[in-house]
Each structure stands twice: as structure tokens, then as C-alpha cells.
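Subject: Structure for you to look at

Hello,

Here is the structure I said I would pass on. Please open it alongside this email and follow the residue numbers as you read.

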Amino acid sequence: MITWGSRFAVAKKRKGRWTIARRVVQIVVAILFFVPLSAAGWSALGLGFSSPEEPLATPSGFAWWGSLSSSHLFGLDLLDPFAALQVTAAAKSVAFAGLAWALPVLVAYGMVRGRAFCGWACPVNLLCEFVDWLRGKLGIAVRERAVPRKAKVGIAAAVLALSAVCSVPVFELVNPISAVNKAVLFGSFAGVFTLAAIVFAELFWAHRVWCRALCPLGGMYETLGCVGLVSVKIDHDLCVHCGACQAACLCDPEILDDVLSGKAGRVVAGDCMLCGKCVDVCPYSALKIGFALPRHPEL
Ligand code: SF4
Ligand code: SF4
Ligand code: SF4
């Protein structure tokens with residue numbers, strides 16, 4: 001009988017091209033969105049030091065400028081869609097400019113798969129993957145699933161409702177991505193408690209609990225992820241049901257249940273980050289990432 005331990009051992013042995021490609025993209029994203037800002041923040045570009053209270057002047061000649069929350073990219077202003085929704089809820093009126101800046105982000109990730117942001121761009125995921133690796137090295141055992149993965153969608157809805165009630169975009173007060181921005185840009189420890197809480201929960205409570213089940217931004221991208229055109233697909237003839245893909249899944253092993261049982265030809269869960277880890281670890285190359293129409297799970 002194949003145990004979760006032996007499945008995990010198989011999963012750990014095989015590292016592949018999707019993981020390498022993802023690391024390259026994660027590093028490029030970090031360079032694009034953190035290096036110019038932090039260089040300016042620390043006066044390396046001669047733009048003068050700014051504090052969190054004093055926004056940096058945007059150098060007009062830069063092709064890109066900003067953070068993962070708000071940026072200017074090749075002439076286009078971009079805003080985190082969840083931040084735009086919170087601002088709209090807090091203001092109790094439609095913030096058209098903010099929603100217009102969020103639209104290109106929604107369309108881009110909506111066409112690919114919402115949580116591709118999580119898998120390929122979010123620096124917190126990179127941190128959580130490192131903590132996952134560290135926990136394995138330290139031999140700390142945690143629960144596989146402490147909170148249902150769908151909880152993050154409810155948390156996202158609750159954040160929007162609370163933003164409306166308090167007239168404040170509440171998640172932005174503790175957003176771990178903003179905390180990374182502030183730490184890199186200003187050396188500020190404001191918000192660092194969010195990151196510390198996430199690391200603590202990942203190390204001692206449950207496997208990838210923040211990104212799998214709790215993060216409201218991930219919840220919003222999960223909702224968007226139901227319509228993506230890129231999916232993990234399976235060749236049922238090649239699958240031997242070893243379970244290595246489920247052991248390696250960055251989201252939740254259950255999102256692969258339908259493809260492994262033969263009910264679906266591709267992963268349809270909006271949760272999928274398109275991280276490609278399942279593809280990389282499959283010993284029989286039964287999985288691949290490819291295009292598929294949203295309404296045809298069997299394809
Ligand atoms: S779930 Fe949240 S913290 Fe995790 S990768 Fe996605 S956006 Fe980042
Ligand atoms: S798809 Fe590959 S890794 Fe997953 S159970 Fe089948 S053979 Fe194993
Ligand atoms: S199903 Fe595969 S691609 Fe999707 S999150 Fe899990 S491991 Fe990553």
C-alpha cells in the first residue's frame with residue numbers, strides 16, 4: 001500500500017521544469033516590483049528617501065513602477081482588484097477610476113486562471129513554500145487540513161462586508177503583501193506581525209493553511225479561477241494512481257480527486273494555482289498544463 005509518506009518521498013525526488021520556470025518568474029516579478037521602489041526608497045536612484053506617509057514621486061520615464069498592490073506598467077495604471085473592491089465597499093460608492101485600474105489585472109488573470117497570481121507572482125507564496133521546505137527539514141508534523149479550503153471565499157466576502165461597515169478597506173490594514181512592500185521599501189516593521197503569524201501557523205498548525213484556506217485575496221482569485229482558459233489536464237491511460245501529484249499540490253490534494261477518479265479530464269477548481277508541481281512530480285507524465293474551454297471539464 002502506498003502511504004502519504006512514500007507519496008511525499010516520490011514528490012520530493014522529482015523537480016521539474018514548471019517549478020524552475022516558476023522560480024524564474026517569481027524572481028523576475030520581485031525584481032520588477034521591488035527593486036526600483038526599494039532603490040528609490042533607499043535613495044539609490046537619487047530620488048530621496050520617503051516614509052510610508054510620503055508617497056514616492058513616479059519617475060515618468062520608467063516603463064514600470066510600483067508594487068504588486070498598485071503600479072504603473074508600460075503606460076497602464078494597475079490596482080489590486082481586491083483593494084479596489086474594498087475601497088468601493090468602504091466608500092459605499094463605485095470608485096470608477098480604481099475599478100478601471102483593476103480591470104486589466106482581472107482580465108489578465110481571468111483569461112489564464114485567477115490563482116496563477118498566487119502561484120507565479122505573490123511573494124507570500126514564495127515565503128510559504130520556503131516555510132514548507134523548512135518544516136520538512138525540521139521534521140515538524142502538522143495537520144494536512146485544519147480549515148476547509150473554501151473558507152477563504154467566505155473570508156473575502158466578510159472582508160468586503162466589514163469594509164462597508166467600518167468605512168475602511170480592512171484587509172489592507174494587515175495585507176501581508178503590503179507588509180512585504182513596506183519591509184523591503186522602508187525597512188518598516190509595520191505589518192510584520194501578519195507575516196510572523198502566517199509563518200507560525202505554517203510551521204506549527206497546518207500545512208499551507210494561509211494560502212489554502214484563509215487568505216481573502218486568494219479567495220477572490222479562487223472565484224475568478226473558475227473561468228480560466230489554462231488548466232492541468234490528465235491522460236487517464238497513463239495514470240497509475242500513485243498519489244504523488246496530490247502529495248505535491250500547493251493548494252489542496254482534493255482538487256485533483258475528480259481527475260484521478262476519471263470524472264474530469266482537467267482540474268476545474270478555481271483554487272488551482274497552475275504551479276505545475278503535480279505535473280513535475282508525476283512519474284508517468286500523465287499530467288500536463290494546456291488550454292481548455294471553461295465549460296468543458298471533460299476536455
Ligand atoms: S493565497 Fe494570498 S498570500 Fe497566498 S499566494 Fe495567494 S494572494 Fe498570496
Ligand atoms: S497523475 Fe501521475 S502523479 Fe498523479 S496519481 Fe496519476 S500517475 Fe500518480
Ligand atoms: S493541481 Fe497541480 S497545478 Fe494546480 S495547484 Fe495543485 S499542484 Fe499546482
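Below are notes on the surroundings of the ligands and on one patch of the surface. Please keep in mind that this is a predicted model.

Ligand 1
The shell here consists of Arg115, Phe117, Cys118, Cys122, Val124, Asn125, Trp210, Cys211, Cys215, Leu217 and Gly218. By class, eight of these residues are nonpolar, two are polar and one is charged. Four helices, α5 (116-120), α6 (123-138), α11 (209-214) and α12 (216-224), each contribute at least two residues to the shell around ligand 1.

Ligand 2
Around ligand 2 are Cys239, Val240, His241, Cys242, Gly243, Ala244, Cys245, Leu260, Cys282, Pro283, Ala286 and Leu287. Sorted by class, that shell holds 10 nonpolar and two polar residues, with no charged ones.

Ligand 3
The residues surrounding ligand 3 are Val232, Cys249, Leu250, Cys251, Ile255, Cys272, Met273, Leu274, Cys275, Gly276 and Cys278. Of these, 10 are nonpolar and one is polar, and none is charged.

Surface patch
Away from the ligand lists, there is a nonpolar patch on the surface, made of Leu103, Val107, Met111 and Val112. Together these residues have about 340 Å² of accessible area. Leu103 belongs to helix α4, which covers residues 96-112. Is Leu103 buried or exposed? Its relative accessible area is 49%, so Leu103 counts as partly exposed; the label exposed would need over 50%.

Regards

Methods. Residues are numbered from 1 along each chain as its sequence is written. Chains are lettered from A and ligands numbered from 1 in the order in which they are written. This is a predicted model: local features need pLDDT of at least 70, side-chain atom pairs count only at pLDDT 80 or more; totals for chains, interfaces and linings use all residues. Side-chain values use heavy atoms; hydrogens and water are left out. A residue is near a molecule or strand if one of its heavy atoms lies within 4 Å of it. Ala, Val, Leu, Ile, Met, Phe, Trp, Tyr, Cys and Pro count as nonpolar, Asp, Glu, Lys and Arg as charged, and the others, Gly among them, as polar. Patches are made of residues with over 30% relative accessible area and no salt bridge: like charges are joined within 9 Å, nonpolar side chains (Val, Leu, Ile, Met, Phe, Trp, Tyr) within 5 Å. Accessible areas come from the Shrake-Rupley method with a 1.4 Å probe; for residues, only the protein chains shown count as cover. A salt bridge is a side-chain nitrogen of Lys or Arg within 4 Å of a carboxyl oxygen of Asp or Glu. Buried means under 20% relative accessible area, exposed over 50%, partly exposed in between (1.4 Å probe, protein chains only).
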